[in-house]
Amino acid sequence: MAQPSLHAVEKKQLSTVSQAAPAGETQLYAADKKIYPRAVSGRFAAWRWTLVIATQLVFYAGAWVTWNGRQAVLFDIVHRKFYIFGLVFWPQDIVYLAVLLIISALSLFLFTAMAGRLWCGYACPQTVYTEIFLWIERLVEGDRIQRMKLDRPGWSARKLALKSAKHALWIAIALWTGYTFVGYFTPIRELGGEIMAALALRGGGPGLGPWETFWMLFYGFATYGNAGWMREQVCLYMCPYARFQSAMFDRDTLIITYDRERGEPRGARPRLADPRARGLGDCVDCSICVQVCPTGIDIRDGLQYQCIGCAACVDGCNQVMDRMGYPRGLIRYSTQNALERRLTLGQTLRRAFRPRVVIYTAILAAVVGAAAAGLWARVPLKVDVIRDRAAISREVEGGRIENVYRLQIMNTAEARRVFEVRAEGLPSLHVAGETRIELEPTASRMVPVRVRVEADAVRAGTHDIAFVVTAVEASDVHVREKTVFIIR
């Protein structure tokens, strides 16, 4: 049996908004009730926590890793250098940022077409930090029923102590998160020293800057507010992905589905009773799938935009099926075609590799391959040529014509290097003055260069030439930049 469409479910939900309004009064919005997600264990919960641990290890530990005597990952905006392990990126490398965004978008399209909101359910920062904050909440206040009892009106010393402990832990994690975030833009060890100096009210150093303070507090506040207070509201109302994700689905997309044909009619029954003898389906109407859902929806109503694809309802339902002695999979990852046509797992997976998925995969592989090849062939040297507009062309001693340029030479390697500069493209063309430039690791220098040619060797006009900058110690590191030579 086909499940209700996303539009039909939204229409049904919207129709209930004004039910609580008093007679003669129109209520435009229904008050949201606080959601108390129940703890759940199972295969998908384990996968989710594995990704929580993996992503946070990368985030929190990444800022402390050193590489060649510096922070391995550092986005030094002040000096306009981005360090990622052995790579140093400059503003001229913005093409790699564009490629990264393209890869991210294509990955999102591919994963969504294949299995719905995998990003939202397992790796989105909102999901990750909500899981962490919920774990702390359960650790301090207890599971669902205990938290609901604790939130009843009225205060006591125990309630005040538990709430204070929970929020203290939340704030500590949020502030550490803000500190780590800023530590990717300001060296984290220096940042720690600045914070300690500020807390001790000591001078003698540069001190904690206003922007560093702002972003630490802002990012920490956002983490605390989004994961501790807003939670599902971010997914439902602030995240745009919830609104357009259904346009990226088709009937062969793996999504969290309820097998209505097997589960209905639902109803309670004794544990050992035969549901078919009572005219019932496998669904015992225990509402566990609703209790464990972080957005508080009932997956039995069909596909809904509020579903983040975390599969908590799958784990919860499987636990109930195990206790009742029924087969697992009443709620599972499946497709609309698989449910309607009763396809086997093999048939479902074969249909998953449809043209749009193949096209996404091919384009993504091509872009990733091109980016990897570009990084592999990347020369650790950049040169920009700027003509001196004050002296376009002039005659100097010996009957020579001279043009003046400024070369912006950037040594992107983490080693001191000496570069040799020469010019080519015209007879008798040569660089007058210093031709060897020494640069420190990951440093840049603006070098004035005078280029001369014999006046009688070349006719008047504009001529194409090129500067060739080569590393003395490594001849394979060289850049050729074109420009023009003007003779009047």
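Let's start with α2 and α5, two helices (DSSP runs of H or I, at least four residues, numbered from the N terminus) that pack at an angle of about 105 degrees, with their axes 10 Å apart. That makes α2 roughly perpendicular to α5, a label for angles of 65 to 115 degrees. Axes here are lines fitted to C-alpha atoms over the stretch in contact, and angles run from 0 to 180 degrees between N-to-C directions.

Before going on: this is a predicted model, where local features need pLDDT of at least 70 and side-chain atom pairs count only at 80 or more, while totals for chains, interfaces and linings use all residues. Residues are numbered from 1 along each chain as its sequence is written, and side-chain values use heavy atoms, leaving out hydrogens and water.

Who touches whom? On the α2 side, the contacts (heavy atoms within 4.5 Å) include Trp-49, Thr-55 and Phe-59, and on the α5 side they include Tyr-129, Ile-132 and Trp-135.

Thr-55 and Phe-59 turn up again in the second largest pocket, where they lie nearest its centre along with Trp-119, Pro-125 and Tyr-219. Both α2 and α5 give two or more residues to its lining, as does α9 (210-230).

Now follow α9 itself. Its buried residues (under 20% relative accessible area, 1.4 Å probe, protein chains only) include Glu-212, Met-216, Gly-220 and Tyr-224. An α-helix has 3.6 residues a turn, so residues three or four places apart point the same way. The cover over the buried residues of α9 includes α5, α7 and α8. Just after α9, Arg-231 takes a positive phi of about 45 degrees.

Note on methods:
1 Å grid on protein atoms, 1.4 Å probe; cavity = no way out; pocket = protein on both sides within 12 Å on 5 of 7 lines; lining within 4 Å. Parallel < 35°, antiparallel > 145°, perpendicular 65-115°, else oblique. Buried < 20%, exposed > 50% of the residue type's maximum accessible area, 1.4 Å probe, protein only.
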